[in-house]
Amino acid sequence: MGFYDVYKQYEGFDFEGFFQSRTPDDVRKALAKEHLEVTDYLTLLSPAAGNFLEEMAQKAHRITLRNFGRVIFLFTPLYLSDYCVNQCAYCSFNARNKFARTKLTLEQVEEEARAIAQTGMKDILILTGESRQHNPVSYIKDCVGVLKKYFCSICIEVYPLEEEEYRELVAAGVDGLTMFQEVYDPGVYARYHNGPKKNYHYRLDAPERSCRAGMRTVGVGALLGLADWRKEAFFTGLHADYLQQKFWDVQVSISLPRFRPSIGGFQPDYPVDDKSFVQILLAHRLFLPRVGITISTRESPEFRDNILPLGVTKISAGSSVTVGGYARPDGMAPQFEISDPRSVAEIKQMLIQKGYQPVFEDWQQWDSLEKQLYNF
Ligand code: SF4
């Protein structure tokens, strides 16, 4: 059984009717519970709960403090290549967009690694466009070989792989996976995707394959803006819950990427405003008290600072979303426009001012720890 079996249980469910039927009393009852049922979670995503954001925020804050303390983990993305064979309508790297594509050589990867490491960052997320031909697993593995000299934690956000390939990358030093399903609704998914990414089920099962392969952390998410956010948020939370229950030793997290402008001028059908974004964040935190929640530089500085206490556990900082953008910050096409251009030092300062402890290293690969301890 995979997550799609869970998804299927809601086929034919009248989401619209359920959401519209929720009353303030239903919201109060859900908020009073220690452990939320799935229907409580749906209730907190309903329009009625939109009038209880303050109460939800207070509870979400308490739960977050209890489970995570006043700690925020920091990471930065590193783009290795923008070659992509897919045609996602909402992404600059869409194969149809004409611009000079780039792929870092191992020397350039090292150059990027040095530039990032100088900021104090220890946790990176490496990304490629989805092209097996240009960015084969062997290339990703070689890059990891370079990067693990500089970083304690290396996560990947690449095309979906076979379980054995994930195992290979784990052995090479990768410890985390981020895999955005983009859209959980299969009909909408089919509309926005062309190329190998059209295979909805292969993507949906990728986080589970990576868990079986020994990944330490796994992150899921939907690109907010592509479909009805109440349903998309619901299935994202169910997916995280499914993984958490099935793989108790894997640290599961949710990201909330909100659509940002990209080459091609795509406009989302379901733009998510700040208030709705906050409601999603709070509902996730109340339903899944132990799941990590990541907020990226897609959000503005002011907004990120304000939502920190509501359940956020990890943020990106000092981000470049272009290939080679750390060592050479100009020239290449970004995957999307970022909203928070602050440096790592500025983010660190902001966190301290707000009474949070910025954490650069929550985990260290045993082989590099061994090297430090025993000077191997
Ligand atoms: S979202 Fe990913 S798969 Fe789609 S065009 Fe962009 S890089 Fe390629």
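**Exercise 1. The internal space**

How much space lies in the largest cavity? Identify also the elements and residue classes that surround this cavity.

*Solution.* The structure is a predicted model. Begin with the count: the structure holds one cavity of 30 Å³ or more. The space in the largest cavity amounts to about 50 Å³. Next, list the lining, which consists of Gly221, Ala222, Leu224, Ala233, Thr236, Ile254, Ser255, Leu256, Ile280 and His284. Then assign elements: strand 5 (217-222), helix 12 (229-246), strand 6 (251-255) and helix 13 (274-287) each contribute at least two lining residues. Finally, sort by class: the lining has six nonpolar and four polar residues, and no charged ones.

**Exercise 2. The two sides of helix 15**

Determine which residues of helix 15 are buried, and explain why they line one face.

*Solution.* Helix 15 spans residues 344-353, and its buried residues are Val344, Ile347, Met350 and Leu351. Viewed down the axis of helix 15, these buried residues fall within an arc of 125°, and therefore they line one face of the helix. The general principle is that an α-helix has 3.6 residues a turn, so residues three or four places apart point the same way. Turn now to the other face: the side of helix 15 directed away from the buried one carries the exposed residues Ala345 and Gln353. The cover over the buried residues of helix 15 includes strand 1 (71-81), helix 14 (301-307), strand 8 (314-316) and strand 9 (357-359). After helix 15 comes Gly355, with a positive phi near 85°.

**Exercise 3. Pro301 in helix 14**

Describe the surroundings of Pro301, a residue of helix 14.

*Solution.* First, consider accessibility: Pro301 has a relative accessible area of 25% and is thus partly exposed. Second, consider contacts: apart from neighbours within four places in sequence, Pro301 touches Ser339, Asp340, Pro341 and Arg342. Third, relate Pro301 to Met350: the two are 49 residues apart along the chain, and their C-alpha atoms are separated by 10.0 Å. Met350 is among the buried residues of helix 15.

**Exercise 4. A backbone angle in strand 4**

What is notable about the phi of Glu182, and is Glu182 buried or exposed?

*Solution.* Most residues other than glycine have a negative phi. Glu182 has a positive phi, near 75°, although Glu182 is a residue other than glycine. Glu182 belongs to strand 4 (residues 176-182). With a relative accessible area of 9%, Glu182 is buried, the limit for that class being under 20%.

Conventions
Residues are numbered from 1 along each chain as its sequence is written. This is a predicted model: local features need pLDDT of at least 70, side-chain atom pairs count only at pLDDT 80 or more; totals for chains, interfaces and linings use all residues. Side-chain values use heavy atoms; hydrogens and water are left out. Buried means under 20% relative accessible area, exposed over 50%, partly exposed in between (1.4 Å probe, protein chains only). Helices (H or I, at least four residues) and strands (E, at least two) are DSSP runs, numbered from the N terminus. The arc is that of the directions from the helix axis to the C-beta atoms. Contact means heavy atoms within 4.5 Å. On a 1 Å grid over the protein atoms alone, a cavity is a set of points where a 1.4 Å probe fits but cannot get out, and a pocket is an open set with protein on both sides within 12 Å along at least five of seven lines; lining residues have an atom within 4 Å of a point. Grid points are joined across faces, edges and corners, and a volume is the space filled by probe spheres set on the points. Ala, Val, Leu, Ile, Met, Phe, Trp, Tyr, Cys and Pro count as nonpolar, Asp, Glu, Lys and Arg as charged, and the others, Gly among them, as polar.
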